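This report is for a reader who has not met this structure before. Please look over the sequence and the model before reading on.

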Amino acid sequence: MNLRPGGSAHPVASSAAGPSGGGSLFAYAKDNARIYQSLGDMTVIVPSDAPEGPAVAPVAVQVDEDAVFVGRGKQIQELLTVFGKPGDAGAVVVSAGMGGVGKTALVTRAAARAVEQGLVATAVVLNLNGYDPDPAQRAKPRDVLGPLLRVLGLADEDVPVTVPEQLTAYHALLHGREQQGGRLLLVLDNAGDAGQVSALLPPAPHVAVVTTRDTLALPGRARHLDLDILPMTDAVDLLTQLLQSFDPDDPRADDGAALVRLADRCGCLPLALEIAAAVLADEPSTSVADFVGELAAAPHALDSLQRADRSVAAVLELSWHRLTERNPDAAELLSLLPINPGPDLSTATAAALAGIGELQVKPRLRALRHAHLLQQTGGRWRLHDLVRQHARTHLDDAQRAPVLRQLLEHYDRIARAADNHLHALAGTEVTDTFPDWAAALDWFDIECANLTAAVALALDTGHHDFTTRLAISLGEYLRWRRRPTDRLTVSELALNAAQHLNIPQALTEAWNRLGLALREVRRFDEAITAHEQDLAICRQTGNRRHEGTALNNLGSALREVRRFDEAITAHEQDLAICRQTGNRRHEGTALNNLGSALREVRRFDEAITAHQQAVTIYQETGDRHREGQALNNLGIALQQVRRFDEAITAHQQAVTIYQETGDRHREGQALNNLGIALQQVRRFDEAITAHQQAVTIYQETGNRRHEGQALDNFGIALREVRRFDEAITAHQLAVTIYQEAGDRHREGAALNNLGLTLQEVQRSDEAITAHQQAATIYQETGDRHCEGQALNNLGNALQRVRQFDEAITAYQQAATIYRETGDRHREGQAQGNLGNVLREVRRFDEAITAQEQDVAICRLTGDRHSEGAALNNLGLTLQEVQRSDEAIAAHQQAATIYRETGDRHREGQAQGNLGFAFQEAGRLVEAKDAWTTAVSTFEEAGEPDSAATVTDWLGTLE
């Protein structure tokens, strides 16, 4: 910036083209024009006869279109639209925004373009210094009218002395320009109040733009153009271009990720961005990441955002100083607001900080908003990060301590009231802080970020009682909304606080909640340890009621690592305690979880009974939400014994309950299970709809992990109706989601299902790869059971491409794993598959041995349906070695089992195989009877194609 004294040198007001191809743009400014985005060179001409008061002098500005200026296209166009309407009476635009946001840069560039485009003949910019700490330096009409008249063409000797006369001359000049068709654009920059600008506003057809950090009430109709920080993309672009303007080869300009973090640290504020770029330009050896680290680690980050005479803190301090003059109460509130640890706050929270009522705090909040030091969105209040950092400097620790306790008391009181609503049963009276359960849940949704941050703040400041209480109040909400990371963080903080308090009740609660959170993130061994710690304390202190809770949660964690017998014992002990203490509601929970554990060891009838009893208890106690959980688990157990119609009903009832209670997450779970049950009765279209609905719910709630699960089941249903391409896409999406979420376990499951579908379209190599990847994942995660599943499916894929030796190895490994993990049911499946591939390579004796083991295991576990499949396969192998009588007996037994279990489809298959066995034994009449029965069975099952195939076989007997 060049200062050039000149006694009689005055710029000529005209629209002649300048060096950049546009007209001349005139401005008034103090020594340094406050242009926060580079706008090219300026020449400041200070006349020797400038009036006393602020140094207001003409500035001739030519805007360099090649200079760095990013974004703001929409705002410039809005300004140009106003400038181009000469008939718009009282065309005044007020551009307001926080200090450093780029208001001057915006309006100066828009003014230059207005002159270039011929929308106005002359543009004059006046810097009114409205926020100077010295009131004497704030320009008033008397300070600027004389120089303004001279710039507009009035000779020195004709400039009046008094302000009224100057105003008369000013309006006369404007009228003369109007007659000559020369419109004036007057930019009144940096106005602190309406008194600085009201008298200077030109009449139509002239136009004025006022920039300010406040909300100004101006006469007539004024348009308001509030300026916010830059969007992140523009902020990064600005940093990039600024670095390149200093050094076109600066490699740091290409470090996009680091520039995003730097822009975030700068709050996307143009002034901060420009200073940051200048600091980096001064220090070529400093990486962007290092500078970001400096800003993050510095106790006062604003100290790093200064260079030479430019400073973010200095700009914000001007706003603070002006606020203390106008509204000391609002300034005091501003210093208190950063105590709130979250991103925004409610009016009630602001009142709690100030220690006054909401009606009293509202005018102060509005004052801060009008000063553009506070934003209001959707009834919430938010500080810009840099304003927050600056405001902290105006409050010392002694002032902060009592206010912090007021804040924690405020959050604790309301959070406990909201939590009571979430736990309340139908008809239970709760505090009237919230009108209902939904309102309490909404409050948690809005305040969650503040509450989780308040837990950490309470611990950091030694308020251990508030740490534990807030964590307890958040527990049910975080579980309900499926926020596992927040839940784990809060639980760990609460345990830390409880250990400081060293009170048994606090410790048991903390260990319990930590165990639940660890289980949700699949850290099962740690969860078991936490629940065992909880249980030990309960037994030491004789807390029987909480001992039951600890046993229940321990049992659930043990179930996750397949320690089913221990889990059943824990749940049974919990159940006994519940019945001894008369805790009916928790008895339902104990029964529900016991049923889930019994189901895992295939004690299905007992599991069904437990779930049914749980449903009854929840109905009696009016706990609709847990009734839904019990019904969902009941449906799963009913599926295992092929009572599919009852299972479908249970899942449908669960869906209805979750819809009533607003639990979208569990509604998705129930729909998923409903879809699986519908698949079992071959109602595939309905199953697909159920899975699609589940996918939609999880997408809406942002639950990526369960979206993956729903997509995986959706793919399975699509595979059943031979929509293989769509099924593959669904499984691939599920794999991607699990990879993004870092959920290796479910990634393996999705790869397994993807492999099965790829087999159906003969993409065998890809299928084999998918199953191998799944097996590797399970080996890495130590999940032996699922590794067995992957190997079983891998064997199937290898068998399809006739890689029989590899398939045999895979099946044998799967059978061994299942035997070691105690899963006799799946051991039988692996043995059955092994038998089938051994039959393929004509190793019939070994095949028969494997299939007989499959039959024996099915009988041992009581799995009648799988026994039918095993007998069917055994019969086929016996036919190969001409043991016809045994083959016939096996197929007959299979058909009988399928008839008893209601699987008409497989009954027809067994009858078909039985017919072939009779045919090979020369018993043609019986073969005909078997095939005739098969045709009837397939027709009754609604499978005309299968019936037609068997009819063709009958024709061979004629």
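The sections below go from the overall form to one strand, the nonpolar cores and the salt bridges.

## Overall form

The model is predicted. The protein has 958 residues, and 54% of them are buried. Its secondary structure comes to 40 helices and 13 strands.

The C-alpha trace spans about 130 × 70 × 50 Å along its principal axes. The radius of gyration is 39 Å, whereas a compact globule of 958 residues would have a value near 30 Å. About 39800 Å² of surface is accessible, and carbon and sulfur atoms hold 47% of that area. Among contacts with a separation of 6 or more, 65% are between residues 24 or more positions apart.

## Strand 8 and its neighbours

Strand 8 covers residues 207-212, and 6 of its 6 residues are buried, so the strand is largely enclosed by the rest of the structure. The cover is found on both faces. Val207, Val209 and Thr211 are buried on one side, while Ala208, Val210 and Thr212 are buried on the other.

Two strands pair with strand 8 as described here. Strand 5 (residues 91-96) runs parallel to strand 8 and is joined to it by 6 bridges. In this pairing, Val94 stands opposite Val210. Strand 7 (residues 184-191) also runs parallel to strand 8, with 5 bridges between them. Here Leu185 has Val207 of strand 8 as its bridge partner.

## Nonpolar cores

In soluble globular proteins, nonpolar side chains tend to be buried together. The largest nonpolar core of this model holds 119 residues, and the members that touch the most others are Leu185, Leu262 and Val312. Helix 15 (residues 437-460) gives the most to this core, namely 11 residues. Leu185 thus appears twice in this report: as a member of this core and as the bridge partner of Val207.

What does Val312 touch, not counting residues up to four places away in sequence? The list is Leu269, Leu271, Ala272, Ile275, Leu302, Leu305 and Leu386. Another core, of 105 residues, lies apart from the largest one; Val695, Ala717, Ile768 and Leu838 are among its members.

## Salt bridges

Side chains of opposite charge can pair when their charged atoms come close. The whole structure has 66 salt bridges. One of them joins Asp623 and Arg626, with an N to O distance of 3.2 Å. Asp623 is buried at 4% relative accessible area, whereas Arg626 is partly exposed at 21%.

Glu707 and Arg704 form another salt bridge, and their closest N and O atoms are 3.3 Å apart. Both residues lie in helix 28 (residues 704-720), 3 residues apart, which is about one turn of the helix. Glu707 is buried, with 7% relative accessible area, but Arg704 is partly exposed, with 36%. In the salt bridge between Glu766 and Arg763, the closest N and O atoms are 2.8 Å apart. Glu766 is partly exposed at 39% relative accessibility, and Arg763 is partly exposed at 30%. Salt bridges also link Arg138, Asp193, Arg322 and Glu325 in a network.

How values were computed. Residues are numbered from 1 along each chain as its sequence is written. This is a predicted model: local features need pLDDT of at least 70, side-chain atom pairs count only at pLDDT 80 or more; totals for chains, interfaces and linings use all residues. Side-chain values use heavy atoms; hydrogens and water are left out. Buried means under 20% relative accessible area, exposed over 50%, partly exposed in between (1.4 Å probe, protein chains only). Helices (H or I, at least four residues) and strands (E, at least two) are DSSP runs, numbered from the N terminus. Two strands pair if DSSP finds at least two bridges between them. A nonpolar core is a set of buried Ala, Val, Leu, Ile, Met, Phe, Trp, Tyr and Cys residues joined through side-chain atoms within 4.5 Å. Contact means heavy atoms within 4.5 Å. A salt bridge is a side-chain nitrogen of Lys or Arg within 4 Å of a carboxyl oxygen of Asp or Glu. The radius of gyration is taken over C-alpha atoms; the globule rule is 2.2 Å times the number of residues to the power 0.38. Accessible areas come from the Shrake-Rupley method with a 1.4 Å probe; for residues, only the protein chains shown count as cover.
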